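Here are my notes on this model, as numbered points. Please read them beside the coordinates.

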Amino acid sequence: MPAARLAANSKGIKLTLVPIEPGVSINADRRVLAAVVMNLLENAFKFTRPRTTVRLQVCASADRVLIEVQDECGGLPGGDINDLFRPFEQRGANRSGLGLGLAFSRVAIEASAGRIYARNLPNVGCVFAVNLPARARSGPRDRRLSARRRGDILRGIPPQSVPIPGSISDLQKRLAGQHYVADRGLAVSLFLALRLKRPLFLEGEAGVGKTALAGATAAALGTDLIRLQCYEGLDVSHALYEWDYARQLLELRILDATHTLDRESARRELYSETFLIKRPLLQAIDPRRTRPAVLLIDEIDRADEEFEGFLLELLAEFQITIPELGTVRATEPPLVVLTSNRTREVHDALKRRCLYHWIEYPSFEKELAIVRERAPGASARMAEQVTAMVQELRRADLYKVPGVSETIDWVTALVALDRDALTADAIDETLGVVLKAKEDLEAVRGPRAAELLARATTRTDVAPSR
Ligand SMILES: Nc1ncnc2c1ncn2[C@@H]1O[C@H](COP(=O)(O)OP(=O)(O)OP(=O)(O)O)[C@@H](O)[C@H]1O
Ligand SMILES: [Mg+2]
C-alpha cells in the first residue's frame, strides 16, 4: 500500500482505505490479487478528477470478500460496461496503456472462483469490485462458516450412547454421588425410563425434587441437561426454533451491497442453519449431539393444551420438519423428564406415552438424608430437629405446605444465624423461611409452634433444647 499512497500523493489525490475486519482471509493467490488491486488503483488514479478521493474498501460477508475501488472520474463513458474487461478496449480521453489490465484481471479473478465487475455512478465516478471466496478462518467465525452449508443440521454424528447404570442400586448410588437421594420406587421408574427409552412423567407437590432429579440424572450419566421451562403462552418459537431475523437482515444488506448472490442462492443462504436459533427442544434432538441429553420439560401443566399436543407429536418421533431446511431427527433420542405440579390435568394421551411417577413428600428418614446432603454444615441434632419439625408442619392444617427446599433453606438459615439447635425463639425468628403465607405464619407462630416442636422432638427422640 505504500506504493499506492505514493502514486496518489504524487497526483494530489486522496486515498482512503477502509480496512478489512481482522481474521478474514481471501482464498486467492496473494500476488495475483495484489496485482489486480494495484491495477484498479492505477486506473482510478489515472481517471479520477484532480484533488478528488479514491477509496479502497474491503468488506466480508460470511463466505465472500468484496474489494471495491471507487473513484470520482465523473462517471463511466456510455456503452456496455462489460466491454471494459475486453482486451485492448479503451474508452474515455486518456488512452495511455494497452487496455489489457482489466482483461488480465478478469481472467485471474475468475480462475480463483471470483468475479470482477464495474458499477457506474453517473456524474460522480465508478466502482470496480472484486468478489472472491473467503478462506475458512480460525476462531468462532470459522465454525460459523463451516456450519453454513445448508443441510448440515440434517446430518448426524453417531452418538456415543449414555451408559445406563447396570442396576437400580447402581443408579441410586450414582444419584447419591450428585447429592440426590432417590428412594427405590423413584429409582425403578428412572431406571425403566432409561432402559425402555420412554419419557418419565413426574408429578408431586412443590419442592419434592422433581426438577432436581433431571439435573442429578444428567450429571450422574455425564451428559447435558437441556431445560425447557413451560409457561402460559409458550410457543414453538421459544420451545423449538426461531429464525434470527436481525442477523438475516444484516446479512441481506451485505449480500445486497456486494451483489454476491442471485435471489435463490440468497434465500438458501439466509435460511441456512447459521441463522437458526435452536431452542431447547431442537437442541435436544440435534443429530450432531455426541451424547443423548436429558431433556427436562419442566412444569408442563403451566403450558397451554395446544403445546401439549405439539409435544405429543415430537415425543412420538423425535423429529421435526423445518420448512426451509428439512427434517431434523435425533440420532439417539434424549431421556425426557416431564414434571407437573398438577395445577391442571395433563392430557391422558401425553401421560400414556410416558412412565409415570408421583413423588410423595419424603419420609423423615429420606428427608433427613436429603438435608445431610444439601446442608452439610448443620449439626446432626439441628438437621434432625428441623426435619422433624417440618414433618409436623406438613401434618398441620396449613394453606401452603413446606417442601424439601424449605427444609434445606431453614437449616441453612439457622446455621447462618449460628444456631446449633431449634428452639421456640429460633422458630419465631425464622418461620418466614419455611412458611410462605401470611395465614400460616399467624396460625403457627407462638404457642402452636412450641407445641409442634414438642411433638417433633418426642417423635424423633431428640431432647428439646431450651
Ligand atoms: N430427593 C432429593 N435429594 C436431594 N435433594 C432434594 C431432593 N428432593 C428435593 N431436593 C432439594 O429440594 C430442592 C427443591 O427441589 P426441586 O426444585 O427439584 O422441587 P420440585 O419438585 O421441582 O418443586 P417445584 O414443583 O416447586 O418446582 C432442590 O433444590 C433440592 O436441593
Ligand atoms: Mg421444579
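**Ligand shell and helix packing**

1. The model is predicted. Start at ligand 1. Its shell splits by class into eight nonpolar, eight polar and three charged residues. Nonpolar and polar residues are thus listed at eight each.

2. How many residues surround ligand 1? The shell has 19 residues. G209, K210, T211, A212 and S405 are the closest. Three elements give two or more residues to this shell: α7 (210-221), α14 (364-374) and α16 (404-416).

3. Which domains give the shell around ligand 1 at least three residues each? They are domain 2 (168-240 + 279-359) and domain 3 (364-460).

4. Take α14 next, as one of the elements of that shell. It packs on α16, another contributor to the shell. The angle is about 50 degrees, and the axes are 10 Å apart. α14 is therefore oblique to α16. The crossing of the two helices is right-handed.

5. What makes the contact of α14 with α16? From α14 come E367, I370, V371 and R374. From α16 come V404, T407, I408 and V411. By class, this contact has five nonpolar residues, one polar residue and two charged residues.

6. α14 also packs against helix α15 (residues 380-395). Here the angle is about 135 degrees, with axes 9 Å apart. Why is α14 called oblique to α15? Angles over 145 degrees count as roughly antiparallel and 65 to 115 as roughly perpendicular, so a value of about 135 falls in the oblique class. This crossing, too, is right-handed.

7. On the α14 side of the α15 contact sit F364, E367, L368, V371 and R372. The α15 side supplies A383, E384, V386, T387, A388 and Q391. The classes here are six nonpolar, two polar and three charged. E367 and V371 of α14 are listed in the contact with α15 and also in the contact with α16.

8. Last, look at helix α5 (residues 168-177) and helix α6 (residues 184-196). Their axes come within 9 Å and cross at roughly 105 degrees. α5 and α6 are therefore roughly perpendicular to each other.

9. Which residues of α5 meet α6? They are I168, L171 and Q172. Their partners in α6 are R184, A187, V188, L190 and F191. This contact divides into six nonpolar residues, one polar and one charged.

Technical notes
Residues numbered from 1 in each chain as written. Chains lettered and ligands numbered in written order. Predicted model: local features only at pLDDT ≥ 70, side-chain atom pairs only at ≥ 80, totals over all residues. Near = placed C-beta within 6 Å. Helix = DSSP H or I, 4+ residues; strand = E, 2+ residues; numbered from the N terminus. Nonpolar A, V, L, I, M, F, W, Y, C, P; charged D, E, K, R; others polar. Domains from an automatic or database assignment. Axes fitted to C-alpha atoms, helices over the stretch in contact; angles between N-to-C directions. Left-handed = near helix turned anticlockwise from the far one by under 90°. Contact = placed C-beta atoms within 7 Å. Parallel < 35°, antiparallel > 145°, perpendicular 65-115°, else oblique.
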